[in-house]
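I opened the notebook to record what I looked up in this structure, going from one helix to its partners and then to the chain as a whole. The entries follow the order in which I checked things.

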Amino acid sequence: MSLAEIFGSNLRHHRKAKHLTQDQLAEMVELSSGMISKIERGIAAPSFATVEKLSEVLEVPEVAFFGVGLVLTSDNARTRQLSKIQTQLSRMNEDQLARASKLLAALIG
């Protein structure tokens with residue numbers, strides 16, 4: 001399976017988990033429903049900006065579309081918080097991540 005197909009499959013999964021149609025998602029991220037369909041089938045690849053919009057609208061970290069990291073679909077406060085933390089950690093450089101790790105270790109000690 002190609003990366004485009006994995007991305008598309010994960011996008012479809014997260015869209016359906018939010019009970020959205022392709023038309024509804026397309027409107028929310030300002031794409032055509034045809035483009036959403038192509039992305040879900042692995043025929044087209046989204047831009048980085050589109051990946052960010054999809055992540056925001058579907059409330060999952062960007063990495064969830066690529067089959068990497070935490071894949072969270074439950075709709076509760078803990079899961080949403082973990083998802084936000086995962087996204088923030090994924091955007092850190094190595095030094096920031098090392099500091100965050102130390103702070104977390106001190107916090108839960």
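Entry 1, helix 4. I began with helix 4, which runs over residues 48–58, and found T50, V51, L54, S55 and L58 buried there. I keep in mind that this is a predicted model. I then asked how these buried residues sit around the axis, and they cover an arc of only 140 degrees, which puts them on the same side of helix 4. On the face turned away from that buried side I noted the exposed residues F48 and E56. When I looked for what covers the buried residues of helix 4, I found that the cover includes helix 1 (3–17), helix 2 (22–29) and helix 3 (33–40).

Entry 2, helix 2 against helix 4. Two packed helices are described by the angle between their axes and the distance between the axes, and I looked up both for this pair. The axes of helix 2 and helix 4 come within 10 Å and cross at roughly 115 degrees, and I recorded the crossing as right-handed. Which residues meet here? On the helix 2 side I listed L25, M28 and V29, and on the helix 4 side K53, L54, V57 and L58. The residues of this contact divide into six nonpolar, no polar and one charged. I marked L54 and L58 in particular, since both belong to the buried residues of helix 4 and both also meet helix 2.

Entry 3, helix 1. I checked the length of helix 1 against expectation: at 1.5 Å a residue, its 15 residues should span 21 Å, and the end C-alpha atoms are 21 Å apart, which agrees. The buried residues that I listed for helix 1 are F7, G8, N10, L11, H14 and R15. Seen down the axis, these buried residues fall within an arc of 170 degrees, so they line one face of helix 1. I also looked up their partners, and the buried residues of helix 1 pack against helix 2, helix 3 and helix 4.

Entry 4, positive phi values. Just after helix 1, I found H19 with a positive phi of about 60 degrees. E30, in the loop between helix 2 and helix 3, has a phi near 60 degrees, a positive value in a residue other than glycine. Is E30 buried or exposed? At 63% relative accessibility, E30 counts as exposed. E59 comes just after helix 4, in the loop between helix 4 and helix 5, and has a positive phi of about 55 degrees although it is not a glycine. With a relative accessible area of 45%, E59 is partly exposed.

Entry 5, T79. I placed T79 in helix 5, residues 77–90, and noted that T79 is buried, with a relative accessible area of 12%, because the cut-off for buried is under 20%. T79 and V60 are 19 residues apart in sequence, and their C-alpha atoms are 9.7 Å apart in space.

Entry 6, the whole chain. I closed with the totals: the protein chain has six helices and zero strands, so that its elements, by the run definition, read α-α-α-α-α-α from the N terminus on. Of its 109 residues, 28% count as buried. Among contacts between residues at least 6 apart in sequence, I noted that 54% join residues at least 24 apart.

Conventions. Residues numbered from 1 in each chain as written. Predicted model: local features only at pLDDT ≥ 70, side-chain atom pairs only at ≥ 80, totals over all residues. Heavy atoms only, no water. Buried < 20%, exposed > 50% of the residue type's maximum accessible area, 1.4 Å probe, protein only. Arc of directions from axis to C-beta. Contact = heavy atoms within 4.5 Å. Axes fitted to C-alpha atoms, helices over the stretch in contact; angles between N-to-C directions. Left-handed = near helix turned anticlockwise from the far one by under 90°. Nonpolar A, V, L, I, M, F, W, Y, C, P; charged D, E, K, R; others polar. Expected span 1.5 Å × (residues − 1).
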